[in-house]
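Visitor: Could you take me through one part of this model in detail? I would like a close look at the place where the two chains meet.

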Amino acid sequence: MTIERDPAPQFLEFSHPERLVSAEWLEQRLETPGLVVVESDEDVLLYETGHIRGAVKIDWHTDLNDPVTRDYIDGERFAELMSRCGISRDTTVVIYGDKTNWWAAYALWVFTLFGHDDVRLLDGGRAKWEADGREYTLETPTPTATEYPIVERNDSTIRAFRDDVLTHLGNPLIDVRSPEEYSGERTTAPAYPEEGALRAGHIPSAQSVPWSKAVADDGTFRPLSELDAIYRKGAGLQDGDEIVAYCRIGERSSHTWFVLNYLMGFDNVRNYDGSWTEWGSLVAVPIATGEEPGEVPSR
Amino acid sequence: MSEQQIPTQLAEIRDDFLELELKNRLQLLLEFANELPELPERYRDHPDLFERVEECQSPVFIFIEVDNDTVQMFATAPPEAPTTRGFASILAQGLSGLSTQEVLDLSDEYPQSLGLAKAVSPLRLRGMTGMLARAKRQIRLKSIT
């Protein structure tokens with residue numbers, strides 16, 4: 001870690017308190033050498049309306065995804081992106097964004113696939129920064145290009161592919177979408193274009209724990225005791241479990257992956273980024289509908 | 001989409017986008033977002049009249065008024081959703097003043113013609129396609145009753 005962690009007491013109880021920073025901590029350290037702030041939003045224009053001083057923009061779709069293959073960029077393009085953003089291999093990166101940090105968590109997860117060591121979330125994201133009345137600027141930084149090494153992505157530990165999920169059935173699965181998406185009800189009226197999969201429902205045996213349960217009204221993460229009540233008591237997760245989380249395209253489940261992995265200390269959590277858009281259209285795999293998780297299918 | 005089918009004001013908006021480099025197209029979209037017209041007084045207290053556009057991830061609501069066969073489109077979207085505001089603003093400015101038939105004849109592909117797919121991703125443009133579809137649907141409903 002290049003820069004000392006935020007010693008805020010509310011983070012101490014988490015397994016990896018070094019993964020979170022408070023708005024106050026960040027505001028005091030803006031433009032510190034060795035620190036780069038990244039904004040990553042669902043709304044692609046939001047950064048242009050004003051952002052944290054010195055922050056660079058990373059767009060999940062145009063920057064992190066390969067333009068042709070449904071996959072992430074490779075090591076070479078990641079190195080180019082990092083260089084453009086002024087990020088070196090040992091830079092402390094703090095990511096924040098809209099929608100309670102969905103895309104910020106997603107970007108953090110992709111940084112982790114490339115083994116970037118020190119990448120943190122701004123607790124509460126854009127909404128909290130704004131609610132606190134902290135400043136934005138319209139000035140766009142011009143980072144000095146860095147020599148970022150070309151590192152191959154490691155998909156083996158925190159990413160699950162569809163075949164991994166098939167093999168995983170029988171172990172804990174967390175579906176982080178809304179209850180309506182989980183049960184398989186229609187979420188849009190007839191005759192309207194509907195984004196997504198051919199079938200509605202969930203992966204059999206998956207527990208429904210919408211991502212939003214992990215955050216308080218101000219967008220900051222809930223204390224550990226409340227997270228325990230939701231994920232351990234509520235969804236039955238236990239120490240040592242291998243867990244897969246999924247949503248629709250992997251952004252909301254990145255958020256839950258962050259919670260389970262860094263806040264609660266489950267050390268074998270994978271994000272299935274193919275998620276429901278893949279599973280719900282996949283030939284010859286089972287789904288379940290209704291409010292119950294459903295049985296693990298026999299093979 | 002043939003030239004004749006696109007009313008002048010919509011063709012002008014499209015050409016303005018296409019003349020720009022990719023990066024500046026986003027800036028133009030932001031200008032549209034900032035220009036989204038305020039709701040007229042008579043609609044401000046009537047959220048019930050507005051239809052939520054479910055295809056957009058942000059809360060955007062639209063309402064079509066038809067008077068003497070002339071269309072007026074109104075929309076609201078929060079400042080924290082500038083892309084959605086930009087899409088809504090293009091349609092509110094582009095569709096308002098047209099006849100109902102002109103709007104119904106407009107190709108559903110119009111959002112795709114703005115050259116934004118690379119800048120904001122095809123996934124996001126679906127929100128605008130959804131808005132246009134809902135605008136047409138409201139016009140059809142109003143034409144029946």
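Guide: Here is a walk through that contact, beginning with how the model is read. This is a predicted model, in which local features need pLDDT of at least 70 and side-chain atom pairs count only at pLDDT 80 or more, while totals for chains, interfaces and linings use all residues. Residues are numbered from 1 along each chain as its sequence is written, chains are lettered from A and ligands numbered from 1 in the order in which they are written, and side-chain values use heavy atoms, with hydrogens and water left out.

Chain B brings 26 residues to the contact and chain A brings 22 residues, where contact means heavy atoms within 4.5 Å. Together they bury about 1900 Å², with 56% of that area from carbon and sulfur atoms; buried area is the accessible area (1.4 Å probe) lost when two parts are put together, summed over both.

On the side of chain B that touches chain A, the elements giving two or more residues are helix 2 (22-35), helix 4 (82-95), helix 6 (117-120) and helix 7 (122-144) of chain B. Helices here are DSSP runs (H or I, at least four residues), numbered from the N terminus. Helix 7 of chain B gives the largest share of that side, seven residues. Sorted by class, the same side of chain B holds ten nonpolar, seven polar and nine charged residues; Ala, Val, Leu, Ile, Met, Phe, Trp, Tyr, Cys and Pro count as nonpolar, Asp, Glu, Lys and Arg as charged, and the others, Gly among them, as polar.

How many salt bridges cross between chain B and chain A? The rule finds zero, a salt bridge being a side-chain nitrogen of Lys or Arg within 4 Å of a carboxyl oxygen of Asp or Glu.
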